[in-house]
Amino acid sequence: MRLKEGSFLWYLYLDKVHCLLSVRSVKALEEYFHILDVHGKNTLNDVLFYHFLHHVTDLKKAQIYLVFDMLDWNAVGEIGFEQFYMLVCMLLAHQDHLEGQFMYRHSRPVFDLLDLNGDGRISAENFAKYRFLFNIHKQELKDLFHDFGLTGDNLLNYQEFKMCTIIYANKLQRRQKTEEKEKGDRKRRSLYSKRKCHIK
Amino acid sequence: MPLSEVCEGFNAEGRSISKTRRWYSPGSRSLDEGDKASHKPEELDENALVELELHRGSSMEINLGEKDTASQIQAEKSSSMSSLNIAKHTPHQAYWAEQQSRLPLPLMELMENEALEIFTKALRSYQSGIGRDHFLTKELQRYIEGLKKRRSKRLYVN
């Protein structure tokens with residue numbers, strides 16, 4: 001999932017420690033939401049939401065509707081600024097490779113979002129639907145449920161989920177460092193081979 | 001006295017060149033990098049400088065009140081001239097207070113342009129989904145026209 005380069009959201013960023021927007025950025029975001037609020041109800045309906053997300057990200061239609069259903073926690077068919085803000089923070093966390101940190105810092109709201117039926121438990125099936133938002137691989141998710149689903153029912157309560165976020169944040173950091181290192185090595189190798197060709 | 005000596009962070013036209021005001025620069029990643037560093041000290045420096053200059057102007061007037069009338073008038077003239085010169089170059093405090101709570105124009109332009117692109121596509125969905133005559137479709141259409149008018153006004157002014 002990527003933000004479109006040059007879009008308004010692309011210029012925002014989260015604080016790396018607390019994973020929050022600055023006050024100025026929130027003010028700008030509020031103004032942006034106000035512009036998008038065509039019908040003057042301080043909300044975005046599903047059509048406007050779809051076109052907004054389709055314009056600023058590379059998410060597919062099915063993913064966008066999944067996100068809308070997740071955010072429309074009152075099932076009114078519209079989302080307000082609070083949910084919009086949450087969405088933007090998740091998008092930026094993904095963009096800035098802070099998914100693990102974000103889930104750890106905001107474990108309660110993230111848990112409430114993923115707890116789709118409100119029973120205080122997240123099922124593996126539901127979490128899997130939304131793993132694209134948090135950059136979790138399929139196997140990583142399986143391992144998390146296996147290691148932290150202490151009740152053995154393939155469901156996570158909040159405490160288990162909180163522990164997950166701690167471990168996952170570390171795992172993700174290590175994975176990202178490895179990926180960056182590999183990227184750097186690949187670049188160096190290609191530069192070296194180019195130089196060799198020039199010398200010949 | 002050149003503006004740059006009076007007010008750090010402003011050019012001759014009274015526009016801020018401070019880091020804290022850089023919201024949008026094409027090609028760069030970060031928005032408002034001033035938030036990364038401490039924001040308040042820079043602001044205080046600007047406000048402190050403005051206050052200093054305004055206070056300097058008024059204290060000059062107070063001190064000169066003790067001289068005789070003719071020289072008083074002359075002195076007042078020269079102090080008011082220097083105050084005028086300072087006032088010409090020093091942005092008014094109220095102006096900066098207002099600027100603090102308003103979004104810079106390039107950012108608004110970016111947001112509105114993006115919104116227009118989103119709404120143009122949304123309008124097609126509205127027309128195909130609920131019909132051209134539905135009040136929501138007409139509302140969206142009017143909104144788009146309003147945004148376009150605002151944009152062309154801005155371009156015309158620039």
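## A spot on helix 10

I166(A) sits in helix 10 of chain A; helices here are DSSP runs of H or I with at least four residues, strands are E runs with at least two, and both are numbered from the N terminus. Because its relative accessibility is 39%, I166(A) counts as partly exposed (buried is under 20% relative accessible area, exposed over 50%, partly exposed in between, with a 1.4 Å probe and protein chains only). I166(A) also has company: together with Y104(A) and I167(A), it makes a nonpolar patch on the surface, and the three add up to about 230 Å² of accessible area.

This is a predicted model, so local features need pLDDT of at least 70 and side-chain atom pairs pLDDT 80 or more, while totals for chains, interfaces and linings use all residues. Residues count from 1 along each chain as written, chains are lettered from A and ligands numbered from 1 in written order, and side-chain values use heavy atoms, without hydrogens or water.

## The two chains

Let's step back to the overall layout. Chain A has 10 helices and four strands, and from the N terminus on they run α-β-α-α-β-α-α-α-β-α-α-α-β-α. Of its 200 residues, 48% count as buried.

Chain B is built from six helices and zero strands, so its pattern along the sequence reads simply α-α-α-α-α-α. Chain B has 158 residues, and 30% of them count as buried.

## Helix 1 of chain A

Helix 1 of chain A covers residues 23-36, which makes 14 residues. From first C-alpha to last, helix 1 reaches 20 Å, close to the 20 Å expected at 1.5 Å a residue (that is, 1.5 Å times one less than the number of residues).

Quite a few side chains here are tucked away: R24(A), S25(A), A28(A), L29(A), Y32(A), F33(A), I35(A) and L36(A) are buried in helix 1 of chain A.

## Salt bridges

A search of the whole structure turns up five salt bridges over all chains (a side-chain nitrogen of Lys or Arg within 4 Å of a carboxyl oxygen of Asp or Glu). One of them joins K41(A) and E78(A) at 2.8 Å, N to O. That pair links distant parts of the chain, 37 residues apart: K41(A) lies in the loop between helix 1 and strand 1 (44-45) of chain A, and E78(A) in strand 2 (residues 78-79) of chain A.

Another bridge, at 3.3 Å from N to O, ties R108(A) to D112(A). These two are four residues apart in helix 6 (residues 107-114) of chain A, so about one helical turn separates them. Both partners are partly exposed: R108(A) has a relative accessible area of 40%, and D112(A) comes in at 43%.

## Charges along helix 10

Now back to helix 10, which spans residues 158-199 of chain A. D185(A) and K181(A) form a salt bridge at 3.9 Å, N to O. Being four residues apart in helix 10, D185(A) and K181(A) are also separated by about one helical turn. Through shared salt-bridge partners, K181(A), D185(A) and R188(A) join into one network. K181(A) itself is exposed, because its relative accessible area is 56%.

K183(A) belongs to helix 10 as well, and with 58% relative accessibility it counts as exposed. It gathers with R2(A), R186(A), K187(A) and R189(A) in a patch of positive charge on the surface. Patch members have over 30% relative accessible area and no salt bridge, with like charges joined within 9 Å and nonpolar side chains (Val, Leu, Ile, Met, Phe, Trp, Tyr) within 5 Å.

Conventions: Accessible areas come from the Shrake-Rupley method with a 1.4 Å probe; for residues, only the protein chains shown count as cover. Lys and Arg count as positive and Asp and Glu as negative; His and the chain ends are not counted. The place of a charge is taken as NZ of Lys, CZ of Arg, CG of Asp or CD of Glu.
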